[in-house]
Amino acid sequence: MKKGRKNKLNDFKKELLEIRKKLAGEVEKSRDYSHEEAEGDMSDITDDAVRTYSQQIILQLGEREREQIKEIDEALERIDNGEYGICGECGEEIPEKRLKLIPYAKWCITCKEKIEVRNKL
């Protein structure tokens, strides 16, 4: 990311903000749907079980989206601090190809794999 770094950072920032806006809208929709489901008028135990299961799925999806928003916010902070594109583990530059796929990536692929292996132990 050496050539035109400032322009590329601006492009990544715009993309991150767009993804964040989309995710925030989805989280809000999930929350609204969950409340609507909870207020519905179902009469038997089977319907209640289905409703509970649906609400759990919606809340889990919302949690994943909230986690992704947190990762995006951290990436935006790294842009502001001049640390964007630098692996948080080894300190090497994260390849631009990886950042284009996952603009909020905080680790290079090698370190990400090592972290995943460590977390499985």
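How many of the 121 residues of the protein count as buried, in percent? The answer is 26%, where buried means under 20% relative accessible area with a 1.4 Å probe, counting protein chains only.

## About the model

This is a predicted model, in which local features need pLDDT of at least 70 and side-chain atom pairs count only at pLDDT 80 or more, while totals for chains, interfaces and linings use all residues. Residues are numbered from 1 along each chain as its sequence is written, and side-chain values use heavy atoms, leaving out hydrogens and water.

## Overall fold

You're looking at four helices and zero strands, with helices being DSSP runs of H or I of at least four residues and strands E runs of at least two, numbered from the N terminus. Along the sequence that reads α-α-α-α.

## The core

The largest nonpolar core (buried Ala, Val, Leu, Ile, Met, Phe, Trp, Tyr and Cys residues joined through side-chain atoms within 4.5 Å) has 17 residues, and Leu-16, Ile-72, Ile-79, Tyr-84 and Leu-99 touch the most other members. Helix H1 (5-39) and helix H2 (45-81) each supply at least two residues of this core, and H2 gives the most, with five.

Take Leu-16: skipping residues up to four places away in sequence, its contacts (heavy atoms within 4.5 Å) include Ile-72, Ala-75, Leu-76 and Tyr-104.

## A buried arginine

Arg-98 sits in helix H3 (residues 96-101). Arg-98 is buried yet has no salt bridge, meaning a side-chain nitrogen of Lys or Arg within 4 Å of a carboxyl oxygen of Asp or Glu. The nearest side chain of opposite charge, Glu-116, is 7.1 Å away. Beyond four places in sequence, Arg-98 touches Ala-105, Trp-107, Cys-108, Ile-109 and Lys-112.

Methods. Buried < 20%, exposed > 50% of the residue type's maximum accessible area, 1.4 Å probe, protein only. Lys, Arg positive; Asp, Glu negative; His and termini not counted.
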